[in-house]
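Work through these short exercises with the model open beside you. Try each task before you read its solution.

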Amino acid sequence: MRELHADTGYLLYRLGLRSGQLFNTFLQESGLRLRHYAVLRYLATCEGALQRELSARLGYDPSAIVGLVDDLEKLGFAERRPAPDDRRSRIVVLTEDGRAFLRDTDQAGRRVTDELLTPLAPAEREALHTLLARVAGNGLA
């Protein structure tokens, strides 16, 4: 039987858990969790998104998206608006307060990544990112 750490999938899983723990610790003061942060980051890339789009793109259950957006609305970081092409649908958009929060957290987010990748030289970090982006592009939305 192979050692557990010989399994790349397991190592990715463990690193994902550790990364989530670090990000959640960093976000703790704001009252947000990594899932909220992911929604905000996605909304920063578009002019708004339907909740079902957020669910599909981020891989979260639709019912979880409802709660995450509710939380972000209460904090003033996102809001639901009528969709421009279908007034029956509502899109979620990032507010100026949400953009400011993301700007304020950029540096802290880089510190989390730096802590996670401490053992790697800068060129190794870049290579790892390139490889992970390639793998993520093959099956992740």
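**Exercise 1. The annotated domain**

Find which residues the UniProt annotation "domain: HTH marR-type" covers, and describe the chain there.

*Solution.* Note first that this is a predicted model. Start with the record: the unreviewed UniProt entry places "domain: HTH marR-type" on residues 5–137. Next, take the secondary structure. Over residues 5–137 the chain is 66% helix and 13% strand. Last, look at the ends: their C-alpha atoms are 24 Å apart.

**Exercise 2. The sheet**

Work out the order of the strands in the open sheet.

*Solution.* Step one: take β2 (residues 78–83) and β3. They are joined by 6 bridges and run antiparallel. R81 stands opposite I91 in β3, and A83 has D86 of β3 as its bridge partner. A hairpin links β2 to β3 through 2 residues.

Step two: take β1 (residues 49–50). It is joined to β3 (residues 86–94) by 2 bridges, again antiparallel. Here A49 faces V92 in β3.

Step three: put the pairs together. The 3 strands form an open sheet in the order β1-β3-β2, with antiparallel pairing. β1 and β2 are at the edges with a single partner strand each, so one side of each has no neighbour in the sheet.

Step four: add the helix. α4 packs on this sheet and touches β2 and β3. The direction of α4 makes about 115° with that of β2.

**Exercise 3. Two crossing helices**

Decide how α2 lies against α4: roughly parallel or roughly perpendicular? Then list the residues that make the contact.

*Solution.* Begin with the axes. Those of α2 (residues 34–43) and α4 (residues 62–75) come within 10 Å and cross at roughly 80°. Angles of 65 to 115 degrees count as roughly perpendicular, so α2 is roughly perpendicular to α4. Now list the contact. From α2 come R35, H36, V39 and L40; from α4 come A64, I65, L68, D71 and L72. Sort them by class: 6 are nonpolar, 1 is polar and 2 are charged.

**Exercise 4. One asparagine**

Is N24 buried or exposed?

*Solution.* Locate N24 first: it sits in helix α1 (residues 8–27). Then check its relative accessibility, which is 16%. Buried means under 20%, so N24 counts as buried. Finally, look for its contacts. Leaving out residues up to four places away in sequence, N24 touches R33 and L34.

Conventions: Residues numbered from 1 in each chain as written. Predicted model: local features only at pLDDT ≥ 70, side-chain atom pairs only at ≥ 80, totals over all residues. Heavy atoms only, no water. UniProt positions renumbered as here; feature names shortened; annotations may be inferred. Helix = DSSP H or I, 4+ residues; strand = E, 2+ residues; numbered from the N terminus. Pairing = 2+ DSSP bridges. Axes fitted to C-alpha atoms, helices over the stretch in contact; angles between N-to-C directions. Parallel < 35°, antiparallel > 145°, perpendicular 65-115°, else oblique. Contact = heavy atoms within 4.5 Å. Nonpolar A, V, L, I, M, F, W, Y, C, P; charged D, E, K, R; others polar. Buried < 20%, exposed > 50% of the residue type's maximum accessible area, 1.4 Å probe, protein only.
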